[in-house]
Amino acid sequence: MSSPHAQLPLSRRGFLLASTGAAAALALTPAPAQATGAAPASGRRRPFGRFGSPSARLTSQTLYVDPQGRGDHTTVKAAVTAATGSGWTLVLAPGTYRETVAVDVTRTEATWIGASEDPRDVVIVYDNAAGTPKPGGGTYGTTGSATTTVQADGFTARWITFANDWLRADHPDITGTQAVAIKVQGDRSAFHHCRFLGHQDTLYADSIALTSFARQYFAHCYAEGDVDFVFGRATAVYEHCHFRTLNRTDLAAPPYGFVFAPSTAGANPRGYLVTRSRVSSEAPDAAYKLARPWVPSSDTTARPSLTVRDTRLGPGIDAVAPYTNMSDTFPWQNQRFAEYRNTGTGARITVPENRPQLTREQAESATRETYLGDWRPWKVTC
């Protein structure tokens with residue numbers, strides 16, 4: 001996605017295993033060995049915890065991935081390649097998997113599990129940006145920059161970190177600074193207790209086509225970034241999630257960035273729903289906008305939709321003017337932005353016309369059940 005700031009140095013590199021506030025937000029302390037079946041982190045003898053092993057396979061369609069060679073494969077990409085067809089489960093041992101991975105449309109109903117049940121232990125990361133040169137010529141573009149791409153329907157991930165650690169400060173010659181951690185396009189895509197780490201365009205919650213209203217669900221997840229770091233045209237529910245805006249040292253004045261940038265198709269009645277979540281910041285007070293609408297050149301009929309309800313908005317959000325335009329041709333006031341019963345300094349209503357509110361009657365249909373229809377991902381256990 002385009003940005004008004006071409007050269008934005010990143011605030012830090014060491015965010016993969018120690019994101020500020022992530023552990024506290026999700027209460028992500030390592031589970032005791034007796035609870036997970038795993039040995040202590042030092043010298044793990046059971047890298048797959050309670051989820052079996054190649055010698056004690058839970059099902060015939062379970063594959064085990066371990067960078068130290070104790071599984072069926074040492075990379076996620078190799079396991080995905082081997083898992084042809086539908087219904088495969090990948091169990092990922094603790095480790096940093098530096099690679100790009102793509103789940104195409106034929107690999108439906110896939111499940112990925114972080115074996116330690118702590119997303120800080122299993123990290124899938126790479127460092128392409130939109131402007132990174134491709135080996136055969138040209139550049140990757142925003143979509144091509146994604147560390148992980150999921151196109152298949154029915155994808156589920158638990159206890160995994162998806163990251164892109166490309167640094168603008170290291171590449172001053174590159175102006176295409178979008179760097180996606182994960183792009184999700186499939187219908188019925190669910191993420192539980194996952195982390196999404198990056199800076200610009202971190203979490204791309206999208207669909208496979210303009211006419212495809214992909215449903216996605218993010219529960220107890222953590223996402224961080226600066227410019228438009230949760231964006232796309234999916235019908236996506238974010239429940240009990242923590243969004244954190246990063247500090248900036250390169251800009252003289254706010255805004256430093258934008259949390260949400262939905263691009264909902266005009267024909268889609270529902271876009272992003274954020275509920276029972278929170279937005280925090282390591283940046284100065286009021287340095288960030290809550291959202292701006294993205295109307296891409298490929299779909300100028302888009303009407304971005306975002307509802308934020310029952311969510312705590314910290315002081316990092318500009319309470320006076322929480323929304324702004326990405327393009328003056330498509331003002332945010334003409335889109336579908338609304339709030340309901342939010343709390344916190346960033347949720348104070350000081351200029352009512354800048355903070356559209358749902359009525360109580362409207363709020364009755366702004367629920368996960370309405371957005372996701374007959375799909376109930378919150379009832380699925382692992």
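**A parallel sheet, its cysteines and its cores**

Let me begin with a pair of strands: strand S6, which covers residues 122-126, is joined to S9 by four bridges, and the two run parallel. Within that pairing, Val125 of S6 has Ala163 of S9 standing opposite. I should say at once that what we are looking at is a predicted model, and I will keep to what can be computed from its atoms.

If we step back from that pair, we find that S6 and S9 belong to an open sheet of eight strands, whose order is S3-S6-S9-S12-S15-S18-S21-S24 and whose pairing is parallel. At the edges of this sheet lie strand S3, residues 95-98, and strand S24, residues 312-313, each of which pairs on one side only. As background, the strands of a sheet pair through backbone hydrogen bonds, and they may do so in a parallel or an antiparallel way.

From S9 let us move along the chain to Thr177, which sits in the loop between strand S9 (161-164) and strand S10 (182-184). Is Thr177 buried or exposed? With a relative accessible area of 4%, Thr177 falls under the 20% cut-off and therefore counts as buried. Its side chain makes a polar contact of 3.2 Å with the side chain of Arg168, and the side chains of Thr177 and Gln200 are joined by another polar contact, of 2.7 Å.

Next come the cysteines. How many disulfides does the structure hold? The number is zero. Cys194, for example, is in no disulfide, and the nearest cysteine sulfur, which belongs to Cys221, is 5.0 Å away; Cys194 is also buried, because its relative accessibility is 0%. For Cys241, the closest cysteine sulfur is again in Cys221, at 4.8 Å, and because a disulfide requires the sulfur atoms to be within 2.5 Å, this is too far for a bond. Cys241, too, is buried, with a relative accessible area of 5%.

Finally, let us turn to the nonpolar interior. In soluble globular proteins, nonpolar side chains tend to be buried together. Here the largest nonpolar core has 67 residues, and those with the most contacts inside it are Trp112, Phe191, Tyr238 and Phe243. If we take Phe191 and leave aside residues up to four places away in sequence, the residues it touches include Phe155, Phe162, Ile182, Val184, Phe218 and Cys221. There is also a second, separate core of 14 residues, among them Ala190, Leu273, Ala338 and Ala366.

Key:
Residues numbered from 1 in each chain as written. Predicted model: local features only at pLDDT ≥ 70, side-chain atom pairs only at ≥ 80, totals over all residues. Heavy atoms only, no water. Buried < 20%, exposed > 50% of the residue type's maximum accessible area, 1.4 Å probe, protein only. Polar contact = N/O pair within 3.5 Å; in protein donor to acceptor, adjacent residues only side chain to side chain. Pairing = 2+ DSSP bridges. Core = buried A, V, L, I, M, F, W, Y, C linked by side-chain atoms within 4.5 Å. Contact = heavy atoms within 4.5 Å.
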